[in-house]
Amino acid sequence: MGIKLALRYFINKKKNTYTLLASIVVAVVLIFSVRVIFSSGFDSQIKETLDLNGNYDVFVNDVNKNVIDSIKSDSNIKNIYYTENLCYGVDKKSGVKICINSFDQGYINTFKYRFLGRKPVKKDEIVIEKEALSQMGKREFNDKSADELIGTEINLMLLNNINEDGIHKFYNESKKFKIVGIIEKPQKYYEQHRNSIAGIEARGFVLNDSSISIKPLSSFDSVIFLRNGQTNRFIGKMIDELKLDNETIYENIESSYLKSLKEHPTIKMDNLKNTILLLLVSTMVIYNIFSIILSEMLPEIGILRALGMKKKAIKLMLITYSLLFILVGTTLGIAFGVFVSYMSLKFIYEYNTVLSIGMENIIQSFFVSIVAISISSIILFSKILKLEIVDAIRNSKAKKDTKFRKALTGNSAILNLIKMNIFDDLAKSIITILAMTLVSTVFIVSLGKQEMNEKNSQLGIFSGVSGMSYGEVDKKIYGSDRASFDLFYSVDKSIIKKIDKMDEIENIDKCFNLKNSYILISKDRLSNDYKDELNRLKYDSSTEFPLYVRGYSDKMLVDRKRFIHEGNNILSEQKTGYINCILVNNAYSRLNHSFDTTVVKGLKVGDLLEVKMPHRENDGIVYKKEKIYVCGIMNKEYSASQDGNRGATRGAQVILKEEDYRRITGQSEYNTVFIKSTNSNLTKLDKTLNDITDKHSFTTIGGKGEEDKFVDNQQRFYNNINIIYQIITIGILLIQGIVVIRSKILVRYRELYILKNIGMSYKKMKRMFVFESELYCVSAFVVSSIIACTIHNVGILKLNNILKSAGYNRFIQYEIPLFQIAIIFVVFVLIGYISVVLSQSKLKKI
């Protein structure tokens, strides 16, 4: 009997059924789709990464042949391919640099290269990456297909910089190769890696070490495929047995990063918070709607009990009624969730969309609806079953009629009625406002934080150590670390010319930046903090230490005068008998996470420093030693927050006049361009620069926000998931607000009938309900805005304290997330108005 009645109520009371089902479906869609989109998005990215970069399990880097032989004997290895690292090949005209390795077909195939031609069988033959040839800009390589390039010749400077007993030496020679094979990847690979921090790594393969006459690197790289997939266990075993470390042997770095990001505690915690919030809001929504539905059923339940139906049978009926909502609502929610997940995933991730739906997603969906319905049922059923038969039939009408008559006899009848309706069931009113407040607060805080992070990252105020170090420089154009050699690379003049014509450019500074230089000094003169940092880096030298060299124009030197805290600028000709420099004597330490680390202790203005720098000589490159005079010393603020410290964080820096730089290095064309924009919206500038440098794959765009590019696809994907989550959350807020407020209007049918009979017009009734609805919305809006603004600015305060303690002098501005608050305001206005509009057909029939 109870089950049949439950089915009849479920089928015949369509309005009530649709209303509650809608709330359950939206809640399930939210929890199901967000989880599925999150998991599927990462799985899709992992698949793309493996397709573009290689699907091996383990990479072994820079080891000797004995290590490779020892690894090969492990029984867990399914396949292993390896190659010998021989040297670098540099095109002296363009500065393009390629890694030259011994040829191994399996190794090449692992990295998903498309291979055309044949393998090298002679000492002067090479297989080379097509993109490297394109970037050399040579007429004989331009606009040629891969087939046409096979058989042509190429001149390369073979180059190695080898540390021999702590002394760095260049070995180089020029050699002509015949191209017998071409390797290439999809254009998407180059687009993704072009502006990553390290850039693209271009490759060439020769027969073996007999193909080069300079001293080889004599190290090997290897890719490994495992039988059982127990990657971490295998890596741990190799580290223990062969005395390797995590920089020598590691999991597929591209896919492992995505896997670790997918399992990151912060992201997991965010998901848990979202689930808890959803559960709370869903329970509140369902409780309110279920309460309204059951209040309408009370007279009928009272009659059933009067006719002899036992409490046990009524309890069974109500439980069955609840189970029907759980089963039907969750099933429909999962079905809609699959559709929403697929469409959302296509929106945020186009490449090879993989929809990952696990049993845990279905279980979580049922868990949300079961908990929400169960909590509501336990509270409401206990109240219903405690009622006496007469009270259930009367449903407290007498009490309500007394309040209603009292409201009508007051001076402000409409206001009295609104007040009565809100406070008549205060619990429901509070729950409604609380649910709306929770959702809107999370929306404002979440999207406000996302916008704040993106804006301040682009401004270089809050991102990574490198992106925050540019100061007055907004963007930097330079050669890819992996695919260019800075002594031979120059920024293409056509790029500079196009940038110069841009309206939003305030200033362009062309300059030089050079790595592979060293300060020659006794290790005893280094500070203890810097020694600790070198030990962390496993730096192997006791007489030569990393030095970053800059060559600046007079204008740039004038602009940076304010950072000199000791001594003088090098603009004026000081007769010292040596080349003059400004020294930067602070470096970043990852041990204490600041720029407080002094490199050379006790160093002062007037000291002479002996340095060695790369020098272009005849047809090759050598190290040239110079003694330079310290005219001025920069404060630590410069190293932390001006000109960018990408590549400069490992040691001291020296700034030279550009003519002195040219004289020492033999380099004439600028290899770096600093850009300052008139517009604070650097995202637009970044896009324009990307378009300008589109054909220059080995030219990199750095500057403020440059670290974001390392995780650009992942972060953009995660941000899009967050936006979709918030949109769906706002959807449930809309539905909850509209359904609850509309239901509260329609259950007062008898009161509305009386109001119409005593002369209240339809327009006045509509105005009264709009005002009442907006009171709920305004209350939730005000409370959520205050709470969200407080949370937002407390977060900014914490971030600024971190910046201050790390030695930075630029901080995040305190703000009100007006855009997000405005969205919530619009949503709440719509909730109040739509709930009345959807009720007007019933009002007109009274």
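Cys87 is buried, at 2% relative accessibility. Cys99 is buried as well, with a relative accessible area of 9%. Neither side chain is part of a disulfide: Cys87 is in none, and Cys99 is in none. This is a predicted model. The chain has 846 residues, and buried residues make up 54% of them.

**Overall build**
- The secondary structure comes to 27 helices and 22 strands.
- Among contacts with a separation of 6 or more, 82% are between residues 24 or more positions apart.
- The chain has an accessible surface of about 37900 Å². Carbon and sulfur atoms account for 55% of that surface.

**Cysteines**
- The disulfide count is zero.
- For Cys87, the nearest cysteine sulfur is that of Cys99, 9.5 Å away.
- For Cys99, the nearest cysteine sulfur is that of Cys87, again at 9.5 Å.
- A disulfide needs the two sulfur atoms within 2.5 Å, so a pair at 9.5 Å does not qualify.

**Helix α7**
- Helix α7 covers residues 187-194.
- Its buried residues are Tyr189, Tyr190, His193 and Arg194.
- Viewed down the axis of α7, these buried residues fall within an arc of 120 degrees, so they line one face of the helix.
- An α-helix has 3.6 residues a turn, so residues three or four places apart point the same way.

**Helix α11 and a nonpolar patch**
- Helix α11 spans residues 311-348 and holds Phe336.
- Phe336 is partly exposed, at a relative accessible area of 47%.
- Phe336 touches Val25 and Val29, leaving aside residues up to four places away in sequence.
- Phe336 and Phe32 are 304 residues apart in sequence, yet their C-alpha atoms are 9.4 Å apart in space.
- Phe339 also sits in helix α11. Phe339 is exposed, with a relative accessible area of 55%.
- Phe339 belongs to a nonpolar surface patch with Tyr342, Met343, Leu355 and Ile357. Together these residues have about 470 Å² of accessible area.

**Salt bridges**
- The whole structure contains 30 salt bridges.
- Side chains of opposite charge can pair when their charged atoms come close.
- Lys237 pairs with Asp74, and their closest N and O atoms are 2.8 Å apart.
- Lys237 lies in helix α8 (residues 231-242), while Asp74 lies in the loop between α3 (65-72) and β2 (77-90), so the pair ties together parts 163 residues apart in sequence.
- Lys237 is partly exposed at 36% relative accessibility, whereas Asp74 is buried at 10%.
- Glu184 and Arg114 also meet in a salt bridge, at 2.2 Å from N to O.
- That pair links distant parts of the chain: Glu184 is in strand β7 (residues 167-184) and Arg114 is in strand β4 (residues 114-117), 70 residues apart.
- Glu184 is buried, at 19% relative accessibility. The cut-off for buried is under 20%, so Glu184 falls within that class.
- Arg114 is partly exposed, at 47% relative accessibility.
- Arg203 forms a salt bridge with Glu201, with the closest N and O atoms 3.5 Å apart.
- Arg203 is buried, with a relative accessible area of 8%, whereas Glu201 is partly exposed at 25% relative accessibility.
- Glu164, Lys169 and Lys215 are joined into one network by salt bridges that share partners.

Note on methods:
Residues are numbered from 1 along each chain as its sequence is written. This is a predicted model: local features need pLDDT of at least 70, side-chain atom pairs count only at pLDDT 80 or more; totals for chains, interfaces and linings use all residues. Side-chain values use heavy atoms; hydrogens and water are left out. Helices (H or I, at least four residues) and strands (E, at least two) are DSSP runs, numbered from the N terminus. Buried means under 20% relative accessible area, exposed over 50%, partly exposed in between (1.4 Å probe, protein chains only). Contact means heavy atoms within 4.5 Å. Accessible areas come from the Shrake-Rupley method with a 1.4 Å probe; for residues, only the protein chains shown count as cover. The arc is that of the directions from the helix axis to the C-beta atoms. Patches are made of residues with over 30% relative accessible area and no salt bridge: like charges are joined within 9 Å, nonpolar side chains (Val, Leu, Ile, Met, Phe, Trp, Tyr) within 5 Å. A salt bridge is a side-chain nitrogen of Lys or Arg within 4 Å of a carboxyl oxygen of Asp or Glu.
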